[in-house]
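Here is a short report on aromatic rings and backbone angles. Take a look at the model before reading on.

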Amino acid sequence: MKTRITELLKIKYPIILSGMSWISVPELVAAVSNAGGCGILATGVLRPDQTREYIQKTRALTKKPFAANVTFYFPGSEKNAKVIIEEKVPIVNYSLGKGDWLAKEVHKYGGVVIATVTTLKHALAAQRDGADALIVTGHEAAGHGGAVTSLALIPQIVDAVEIPVIAAGGFADGRGLVTALALGAEGISMGTRFMNTVESPVHEVQKKLSIELTAFDTIYTDKFDGLPARMADTKGARRLMKRRLNPLSALFLSRRIAKLLDLPWGKIFLGIMLSGPKTAVQMARMAIGFRAFEVGTIAGDNVEGILPIGQITGIIKDTPTVKEVIERIVKEANEVVKNVEKKLK
Ligand SMILES: Cc1cc2nc3c(=O)[nH]c(=O)nc-3n(C[C@H](O)[C@H](O)[C@H](O)COP(=O)(O)O)c2cc1C
């Protein structure tokens with residue numbers, strides 16, 4: 001396969017593994033890159049020393065191109081970005097923040113920069129800030145998808161930018177790949193599909209859940225971590241949505257917030273006292289949301305925890321290897337094209 005993305009990233013297939021916290025770890029990232037796609041290592045919840053260790057581990061598992069992500073909304077992300085730059089990771093993906101300085105640093109060593117966006121405004125800003133490509137994430141996506149669906153969002157951004165676009169949110173098979181290419185994108189990035197693979201470290205309970213859930217079994221709200229996000233409709237998700245938070249909650253949670261931000265507790269306590277009530281509530285929501293996210297993903301607990309999942313979970317019916325997923329998508333895409341050609345005649 002040849003698209004602007006396979007050329008830019010020097011990969012065989014335009015199929016990317018999204019950066020999923022606790023899931024896009026070296027083993028899964030390397031499996032995707034070794035199968036001809038490109039894995040994105042998630043660093044959002046890692047300390048800088050762990051980020052370095054994970055990058056080196058990924059390098060030991062694959063000689064193929066791979067990426068690492070920086071989610072600017074996550075605490076400690078700038079320290080992780082510095083490690084990624086020092087390690088000269090070949091492809092760097094950033095989201096939820098301004099990446100101009102990052103692009104400059106990555107370009108200095110010849111790396112490629114991909115910005116993840118959910119709006120036209122941010123797509124144009126990322127292009128201005130030096131991004132070489134975009135991951136455009138629609139409303140269907142797991143986690144922080146945008147307000148507009150992939151079908152409407154992707155062609156509008158493709159029309160407005162010059163850099164290549166990777167479509168994300170609602171892609172899991174060959175039909176999806178062909179659709180993305182037809183919309184003008186140059187590849188797809190998948191979270192929900194790769195989460196349910198043999199190599200994925202997500203708890204087995206969640207792999208089974210992703211097979212059982214339909215497209216109607218997810219919730220999209222900003223009550224999880226303060227930004228609109230999509231999660232599986234579980235007891236844990238409903239409990240978290242109902243939880244009322246006030247500035248005092250932030251004080252009660254200050255030790256957890258300090259740990260999350262890797263900062264002294266006294267400093268956080270004072271910061272909460274001095275910050276406005278809105279910031280304090282936001283910090284509390286983030287601390288609770290992150291904990292629930294970790295419990296859901298790693299422990300497979302859907303009462304105490306939550307699980308990001310996309311609407312495309314409705315078509316996921318098995319737990320194949322990463323190689324099987326990629327080969328199946330490529331084969332299916334070719335069949336889809338033939339069928340469509342027949343219909344167009
Ligand atoms: C279990 C899980 C964890 C995720 N964690 C993150 C994350 O930490 N940061 C992030 O930016 N996106 C995260 N995402 C969202 C993906 O990066 C991606 O945008 C999304 O999965 C694409 O849509 P799809 O699920 O329909 O393929 C996560 C997705 C899943 C399924």
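## Aromatic rings and two loop residues

W22 and F293 are both buried, meaning under 20% relative accessible area, where over 50% is exposed and in between is partly exposed (1.4 Å probe, protein chains only). The model is predicted, so local features need pLDDT of at least 70 and side-chain atom pairs count only at pLDDT 80 or more, while totals for chains, interfaces and linings use all residues. Residues are numbered from 1 along each chain as its sequence is written, and side-chain values use heavy atoms, with hydrogens and water left out.

The structure holds three aromatic pairs. Rings of Phe, Tyr and Trp (its six-membered ring) pair if their centres lie within 6.5 Å; planes under 30 degrees apart count as stacked, over 60 as edge-to-face and the rest as tilted. The ring centres of W22 and F293 are 5.0 Å apart and the planes stand at 90°, so this pair is edge-to-face. W22 sits in the loop between β1 (15-17) and α2 (26-34), and F293 in helix α15 (residues 277-299), so the pair ties together parts 271 residues apart in sequence. Helices (H or I, at least four residues) and strands (E, at least two) are DSSP runs, numbered from the N terminus. Elsewhere, ring pairs join F72, Y94 and W101 into a cluster.

Now the backbone. Two residues other than glycine have a positive phi.

| Residue | Phi | Loop |
|---|---|---|
| K88 | near 50° | between α4 (77-86) and β4 (91-95) |
| L96 | near 55° | between β4 and α5 (100-108) |

L96 is partly exposed, at a relative accessible area of 37%.
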